[in-house]
Amino acid sequence: MSRPPLPPFTRETAAQKARMAEDAWNSRDPVRVSLAYTEDSRWRNRSEVFQGREAIVAFLTRKWEKEHDYRLIKDLWAFDGNRIAVRFQYEWHDASGQWYRSYGNEQWEFDEHGLMKRREASINDIMIAEKDRRFHWPAPGPRPADVAGLGTDPF
């Protein structure tokens, strides 16, 4: 199975890959998201380390059971060959209604077919008031084209 764009990445194809990942994650469909990864993809997400698509689906299922009304923006940070780094923010609320904005960075490594074989994510959560939310498009679903990325002032 091939998942274009393929490495080696250009600025344009790396940004396209980041937006494709953002759109998939905003679907909140664990199976759909998992198909962008190799069968044996290795992940570090915060303090969790695991491997394989089944583990990815289980992780994302747990994640989105906890993180309600999840909305994500990913921006390209850097790229080289078969590697991409992104920064991201997402907003969500817990079961009690407390809103959070999560800030993070990811490093991705792809195989020759454009599937991600390694993902490392570092993430911090900050409590926010509902009035301070910035991501308001209908969810689940992709960020609309008229909603800007993180820009130069991500905080």
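Helix α2 spans residues 30-34, and Val31 is part of it. In this predicted model, Val31 comes out as partly exposed, its relative accessible area being 47%. Together with Met1 and Leu35, Val31 makes up a nonpolar patch on the surface, covering about 290 Å². A little before this helix, in the loop between α1 and α2, sits Arg28. Arg28 is not a glycine, yet its phi is positive, at about 55°. With a relative accessibility of 22%, Arg28 falls into the partly exposed class, since buried would mean under 20%.

The start of the chain has its own backbone quirks. Pro4 and Pro5 are joined by a cis peptide bond, with omega at about 0°. The bond from Pro7 to Pro8 is cis too, and here omega is near 0°. Pro5 belongs to the segment before α1, and Pro8 is found in that segment as well.

Next comes the sheet. Six strands build it, and it is open, with the order β2-β1-β6-β5-β4-β3 and mixed pairing. The edges are taken by β2 (48-51) and β3 (68-80); each has a single partner strand, so one side of each has no neighbour in the sheet. Going from one strand to the next, the twist averages 20°. As a reminder, strands of a sheet pair through backbone hydrogen bonds, and they can do so in parallel or antiparallel fashion. For β5 (residues 99-110) and β6 (residues 116-128) the arrangement is antiparallel, with 12 bridges joining the two. One residue pair to look for is Gly104, whose bridge partner in β6 is Ile123.

Two helices pack on this sheet. Helix α1, residues 11-27, touches β1 (37-45), β3, β4 (83-93), β5 and β6. The direction of α1 makes about 165° with that of β3. Helix α3, residues 53-66, also packs on the sheet, and its contacts are with β1, β2, β3 and β4. Measured against the direction of β1, as an angle, α3 lies at about 45°.

Edge strand β3 also holds a backbone oddity: Asp69 is located there. Asp69 has a positive phi of about 55° without being a glycine. The relative accessible area of Asp69 is 31%, so it is classed as partly exposed.

Charged pairs come up often, with 17 salt bridges in the structure. In general terms, side chains of opposite charge can pair when their charged atoms come close. Arg46 and Asp125 give one example, their side chains meeting at 2.8 Å from N to O. This salt bridge links distant parts of the chain, as Arg46 is in the loop between β1 and β2 while Asp125 is in strand β6, 79 residues apart. Arg46 is partly exposed at 29% relative accessible area, and Asp125 is partly exposed at 34%.

A second pair is formed by Arg62 and Glu48, with 2.9 Å from N to O. Arg62 lies in helix α3 and Glu48 in strand β2, so this pair ties together parts that are 14 residues apart in sequence. Both ends are partly exposed, with a relative accessible area of 42% for Arg62 and 33% for Glu48.

Where do the side chains of Arg101 and Glu91 meet, on strands or elsewhere? Arg101 is in strand β5 and Glu91 in strand β4, 10 residues apart. Their salt bridge has an N to O distance of 2.9 Å. Arg101 counts as buried, at 7% relative accessibility. Glu91 is buried as well, with just 1%. Both values are under 20%, so the buried label applies.

Strand β6 also contains Glu120, a residue that takes part in a network of salt bridges with Arg83, Glu109, Lys117 and Arg118. Glu120 is partly exposed, with a relative accessible area of 26%. Beyond its neighbours within four places in sequence, Glu120 is in contact with Arg44, Asn105, Glu106 and Gln107. Arg46, already met in the salt bridge with Asp125, turns up here again: the C-alpha atoms of Glu120 and Arg46 are separated by 8.2 Å, although the two residues are 74 apart along the chain.

Definitions and conventions:
Residues numbered from 1 in each chain as written. Predicted model: local features only at pLDDT ≥ 70, side-chain atom pairs only at ≥ 80, totals over all residues. Heavy atoms only, no water. Patch = residues over 30% accessible without salt bridge, like charges linked within 9 Å, V, L, I, M, F, W, Y side chains within 5 Å. Areas by Shrake-Rupley, 256 points an atom, 1.4 Å probe, with all protein chains shown as cover. Salt bridge = Lys/Arg side-chain N within 4 Å of Asp/Glu carboxyl O. Helix = DSSP H or I, 4+ residues; strand = E, 2+ residues; numbered from the N terminus. Buried < 20%, exposed > 50% of the residue type's maximum accessible area, 1.4 Å probe, protein only. Pairing = 2+ DSSP bridges. Axes fitted to C-alpha atoms, helices over the stretch in contact; angles between N-to-C directions. Contact = heavy atoms within 4.5 Å.
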